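Subject: Structure for you to look at

Dear colleague,

Here is the structure I said I would pass on. Please open it next to this message, and my notes come after it.

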Amino acid sequence: MMDAFRLVPPKFVPPLDPGYRPAVLANRAFEKEVADSGQGVPLVLGLERGPGETSRYETMVFPDGHPRAAANLQYAERLVKFLLWQRGGWKVLVGGPRSIGEHIKKVYAPGGEREFDYHFMGEDVYEKTFTVVPCAPADVPPAHEAAASLGRHLDGYRIGFDLGASDRKVSAVVNGEAIFSEEVVWEPRKNADPEYHYREIKTALESAAAKMPRVDAIGGSSAGIYVNNRPMIASLFRGVPKDQFHKVRSMFLRLRDEFGVPLEVINDGDVTALAGAMSLEDTGILGVAMGSSEAAGYVNLEGSINPWLSELAFAPVDYNPDGPVDEWSGDRGVGALYFSQQCVFRLAPAAGIEIPGGITDAEKLKIVQEKLEAGHEGARKIWESIGYFLGYSIAHYADFYDVKHVLILGRVTSGSGGDIIMAGANEVMRSEFPDLAARVNVQLPDEKSRRVGQSIAAASLPEIK
């Protein structure tokens, strides 16, 4: 049945991933087919997060009973998957053909193909039972988004930190200028002891504090989903047992009390977007950081940050049925496997590069990057592939976000790799999506901004009362 949904080969084939089938091409081909049939009916998806917070997405599909109706199912399921990780939600209202609603309900259920998402979005993040409600389009409520103004406070003596899976960065920021920055390699995912994480982060903060006469505020960014400075779920702390996770959940509140100053920590993707907004002095910015995973964040056209997850690491970008499987979520073709050091490691064997074991992920990435700088042809093909992935995925993201700028940063973009990625992405966009290329500016910050921009922007998060 799923074969009814047609995949479209890309014009620009990633040299190390010939099976790649961009989500954007399949979706647009399906949408055109529905429009050309003249028989399309509405599909309205509503995602409920908190009280009174609802997202809404509208499209068209084939009616039940149409010869091509089977193609609706994969199209709709991939849309729901993307929207859940972009916007979040514990309840999904599927307003449209009954077969679609029943399919989503079956897939996102215990024992279903998306059982991971069922538990994650329900119990783990929103602390409710995940629910799918098939209904009529008219029964999906209007969108209600509670966007918030965030950051841009640069007064006083501040500490900004950024926690990645392979390194942690910290900056001492005085009246908006970084006077000290430090990167330290660590491996949080392999440590089960909550005190390890607490000690490492406290050491980083003390390192920056020692460079200033006082500390007025602390702001941080970290992979994961944060609610009121509490990590609800974070792959960074995946090694901590569930019965100990409450210590991680209260860790930043503990640090705030110990330092005795305002402290704010939010998702690293949102800080990426904030850094872009501050640097460009504009709005409509999608930030994508390619580090240990893919971090994304969004500053909307009004200059605010939506209360969305923006966890694009787990949103699908490749519909290849034989695409790589994410070890955590169990899904195929999600962003983390295309825009992070995970992608570099995944493509390395096809590039003829053997990465030694027994070393940190940061060291593994450095080995491949050194080969790139030395002119290794296979290494270059890794970054060329990422560039093509990015060109098609920017077009995909632009179907879900109103964007004027896409800011690309993170450790994978360091050195000449960033320029290779940009060249490939721009080639795809100019040829395949010329209208988008004309109105969206894809930007790679300079090396200094790429490496420490996150922690500097993070420092601006708290307001000094």
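The notes below go through two sheets, some helices and one residue.

Please keep in mind that this is a predicted model.

The five-stranded sheet

One sheet is open and has five strands in the order β7-β6-β5-β8-β11, with mixed pairing. Its edges are β7 (177–185) and β11 (263–267); each has a single partner strand, so one side of each is left without a neighbour in the sheet. On average, neighbouring strands here are turned by 15 degrees against each other, direction ignored.

Strand β8 (residues 217–222) runs parallel to β11, and five bridges join the two. Within that pairing, Gly-219 has Glu-264 as its bridge partner, and Ser-222 has Asn-267. β8 also runs parallel to β5, with six bridges between them. There, Phe-161 has Gly-220 of β8 as its bridge partner. As background, strands of a sheet pair through backbone hydrogen bonds, either parallel or antiparallel.

Is β8 buried or exposed? Six of the six residues of β8 are buried, so this strand is largely enclosed by the rest of the structure. Ala-217, Gly-219 and Ser-221 are buried on one side, and Ile-218, Gly-220 and Ser-222 are buried on the other, which leaves both faces covered.

The four-stranded sheet and its helices

A second open sheet has four strands in the order β2-β1-β3-β4, again with mixed pairing. Here β2 (54–61) and β4 (131–135) are at the edges with a single partner strand each, so one side of each is left without a neighbour in the sheet. The twist from one strand to the next averages 15 degrees. Strand β1 (residues 41–48) pairs with strand β3 (residues 91–95) in the antiparallel sense, over five bridges. Gly-46 has Leu-93 of β3 as its bridge partner.

Two helices lie across this sheet. α2 lies across β1, β2 and β3, and runs at about 160 degrees to β2. α3 lies across β1, β2, β3 and β4, and runs at about 170 degrees to β4.

These helices also pack on each other: α2 and helix α3 (residues 98–107) make an angle of about 55 degrees, with their axes 10 Å apart. They are therefore oblique to each other, and α2 passes α3 in a right-handed crossing. Which residues meet there? Asn-72, Leu-73, Ala-76, Glu-77 and Val-80 in α2 meet Ser-99, Ile-100, His-103, Ile-104 and Val-107 in α3.

Helix α4

Helix α4 (residues 115–126) has twelve residues and reaches 16 Å from its first C-alpha to its last, close to the 16 Å expected at 1.5 Å a residue. Its buried residues include Asp-117, Tyr-118, Phe-120 and Met-121. What do the buried residues of α4 pack against? They pack against α2 (71–87), β9 (225–227) and β10 (230–233). After α4 comes Glu-127, whose phi is positive, near 55 degrees.

The α11 and α12 pair

Helix α11 (residues 377–397) and helix α12 (residues 416–432) pack at an angle of about 40 degrees, and their axes are 7 Å apart. That makes α11 oblique to α12. α11 passes α12 in a right-handed crossing. On the α11 side, the contact includes Trp-383, Gly-387, Leu-390, Gly-391 and Ile-394, and on the α12 side it includes Gly-417, Ile-420, Gly-424, Ala-425 and Val-428.

Thr-272

One residue I looked at singly is Thr-272, which sits in helix α8 (residues 268–280). Thr-272 has a relative accessible area of 0%, so it counts as buried; the cut-off for that is under 20%. Which residues is Thr-272 in contact with, leaving aside its neighbours within four places in sequence? They are Gly-287, Val-288, Ala-289, Leu-407, Leu-409 and Gln-454. Thr-272 and Leu-390 are 118 residues apart in sequence and 17 Å apart in space, C-alpha to C-alpha.

Regards

Note on methods:
Residues numbered from 1 in each chain as written. Predicted model: local features only at pLDDT ≥ 70, side-chain atom pairs only at ≥ 80, totals over all residues. Heavy atoms only, no water. Pairing = 2+ DSSP bridges. Axes fitted to C-alpha atoms, helices over the stretch in contact; angles between N-to-C directions. Buried < 20%, exposed > 50% of the residue type's maximum accessible area, 1.4 Å probe, protein only. Expected span 1.5 Å × (residues − 1). Contact = heavy atoms within 4.5 Å. Parallel < 35°, antiparallel > 145°, perpendicular 65-115°, else oblique. Left-handed = near helix turned anticlockwise from the far one by under 90°.
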